[in-house]
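Let's take a walk through this one together, starting where the ligand sits and working outwards to the rings and a loop. Have the sequence and the 3D view open as we go.

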Amino acid sequence: MSENKIPYKIYLSEDEMPKAWYNLRADMTNKPAPLLNPATLQPMTAQELEGVFCAELVKQELDDTTPFFEIPQEIRDFYKMYRPSPLVRAYCLEEKLQTPAKIYYKFEGNNTSGSHKLNSAIAQAYYAKHQGLKGVTTETGAGQWGTALSMACSYLGLDCKVYMVKCSYEQKPFRREVMRTYGASVTPSPSNTTAVGRKILERDPNTTGSLGCAISEAVEVAVGTPGYRYVLGSVLNQVLLHQSVIGLETKIAMDKYGVKPDVIIGCAGGGSNLGGLIAPFMGEKLRGEADYRFIAVEPASCPSLTRGKYAYDFCDTGAVCPLAKMYTLGSSFIPSANHAGGLRYHGMSTTLSQLYHDGYMEATSVEQTKVFEAAEVFARVEGILPAPESSHAIRVAIDEALKCKETGEEKTILFGLTGTGYFDLYAYQKFNDGQMSDYIPTDADIAAALEKLPKVE
Ligand SMILES: *Cc1c(COP(=O)(O)O)cnc(C)c1O
């Protein structure tokens, strides 16, 4: 089919939708390092993990050989409500940039959670339901994950307890109301409802909370309440597995039109959208069937891949979770408060960390004012108000397209547009008022946090 026949939006029919998730680890020669028990430093067993997570999800977490996991029919039916997500040919952005590059983006913001998080939330809630559980607990920072999980739980009739970082709880009251509308209970963290929360409040009554602290509270409640388990919205292998639906749909749509991307770009917080988008393409690269450039984009204020260390670390600041080998800034690293652009996690998916370490993927970091400049350009020509997180990928996609303008290369660029920014208007306001600034941690800041890494090898 000729180039100019490519529609502005490429959708798939129900028959064309993926029927199985793809497990990228099956095609990796160097598998991601196992999670370790922090007390014994031995790999976590399924039995140990099942005290915290649903049994079927533990299986998915530990399986690095099975390439495909069938998507249960009930989840496929739920996906039909908001999937396929559109693959958009960014004709208007290409025109604006006057670039010979062809730009595509996969837009995951067309659901009430406003992000890709719903793809894994429904899967995790489904396995909890089928295990006969009463409910799940989780933490949320900005709120997209908590919203996605409350939607999935209400659909399946599960109870959902969300621990929301206190400053977000106060700054984003509307996110909280969306979650409550879906029936979730939302508790500002740290709270008096848990031992760990009470301890933190005793030490620092005025704390505004952190993701690490909210994780510790959610885990405590899950482990201590019969019929409950804990679920997590990023970082874990199981989440990357579920998010492979993004990449699989993209690949099917591109193959249909004979389009092959040269470079694939995604923002990286814990790595779930990027891992999902690149999965089938990376699989081809690992099997030697095709070659692609992959670029992970992170904020300059929280640069785990580009400036962190590949080492075992805690997944949370409370140090209750297993140790994971990943690119990390240290679990005690706290990004500057002036950073509004999301992607504030100190570590990175173990799978993506291994791929980056082995040279299969590149990484770059960008400053938040440059990110919001890209968001503004994009919003004005493509119409969608992008999430600040997603705008990291937009920034680098624009930069790659501008390079093509200089060299005259007609590269095909694909990026993940993970969500919308309607709950980030405070950050947009700062940008519009010219009051947004950049913050880059010093080498000494990073060294100080890395100093506190647990001593493993
Ligand atoms: C959570 C989130 C991200 C970052 O998470 P990953 O696990 O790295 O994908 C990016 N964009 C949006 C809109 C999000 O909600």
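**Around the ligand**

Start at the ligand, which has 17 residues around it; Lys117, Ser234, Ser272, Asn273 and Thr418 come nearest. Keep in mind that this is a predicted model. What does that shell look like by class? It has 11 polar residues, 4 nonpolar ones and 2 charged ones.

Now zoom in on the ligand's oxygen atoms. A polar atom in the side chain of Ser234 lies 2.5 Å from an oxygen atom of the ligand. The backbone joins in as well: a polar backbone atom of Gly269 is 2.7 Å from a ligand oxygen, and for Gly270 a polar backbone atom is 3.0 Å from an oxygen atom of the ligand. How much of the ligand's accessible area does the protein cover? On its own the ligand has 380 Å² of accessible area, and the protein covers 93% of that.

**Rings that meet**

Next, the aromatics. Searching the whole structure turns up 15 aromatic pairs. One of them is Phe378 with Phe415, an edge-to-face pair with 6.2 Å between the centres and 75° between the planes. The edge-to-face label applies because the planes are over 60 degrees apart. This pair links distant parts of the chain: Phe378 belongs to helix H15 (residues 368–382) and Phe415 to strand S15 (residues 412–417), with the two residues 37 apart.

Are these two rings buried or exposed? Phe378 has a relative accessibility of 0%, so it counts as buried. Phe415 is buried too, because its relative accessible area is 0%.

Elsewhere, ring pairs join Phe78, Tyr79, Tyr82 and Tyr155 into a cluster. Stay with Tyr79 for a moment, since it has a charged partner: the charged end of Arg83 sits over the Tyr79 ring, 6.0 Å from its centre. Another charge-over-ring arrangement involves Lys260, which lies over the face of Tyr292 at 4.5 Å from the ring centre.

**A stop in a loop**

Finish at Pro34, which you'll find in the loop between strand S2 (20–22) and helix H1 (46–49). Which side of the buried/exposed divide does Pro34 fall on? Neither, really: its relative accessible area is 42%, so Pro34 is partly exposed. For a sense of scale, try drawing a line from Pro34 to Asp443: they are 409 residues apart in sequence and 29 Å apart in space, C-alpha to C-alpha.

Terms used
Residues are numbered from 1 along each chain as its sequence is written. This is a predicted model: local features need pLDDT of at least 70, side-chain atom pairs count only at pLDDT 80 or more; totals for chains, interfaces and linings use all residues. Side-chain values use heavy atoms; hydrogens and water are left out. Rings of Phe, Tyr and Trp (its six-membered ring) pair if their centres lie within 6.5 Å; planes under 30 degrees apart count as stacked, over 60 as edge-to-face and the rest as tilted. Helices (H or I, at least four residues) and strands (E, at least two) are DSSP runs, numbered from the N terminus. Buried means under 20% relative accessible area, exposed over 50%, partly exposed in between (1.4 Å probe, protein chains only). A charge sits over a ring if NZ of Lys or CZ of Arg is within 6 Å of the ring centre and within 35 degrees of the ring normal. A residue is near a molecule or strand if one of its heavy atoms lies within 4 Å of it. A polar contact is a pair of N or O atoms within 3.5 Å; within protein, one must be able to donate a hydrogen and the other to accept it, and residues adjacent in sequence count only if both atoms are side-chain atoms. Accessible areas come from the Shrake-Rupley method with a 1.4 Å probe; for residues, only the protein chains shown count as cover. Ala, Val, Leu, Ile, Met, Phe, Trp, Tyr, Cys and Pro count as nonpolar, Asp, Glu, Lys and Arg as charged, and the others, Gly among them, as polar.
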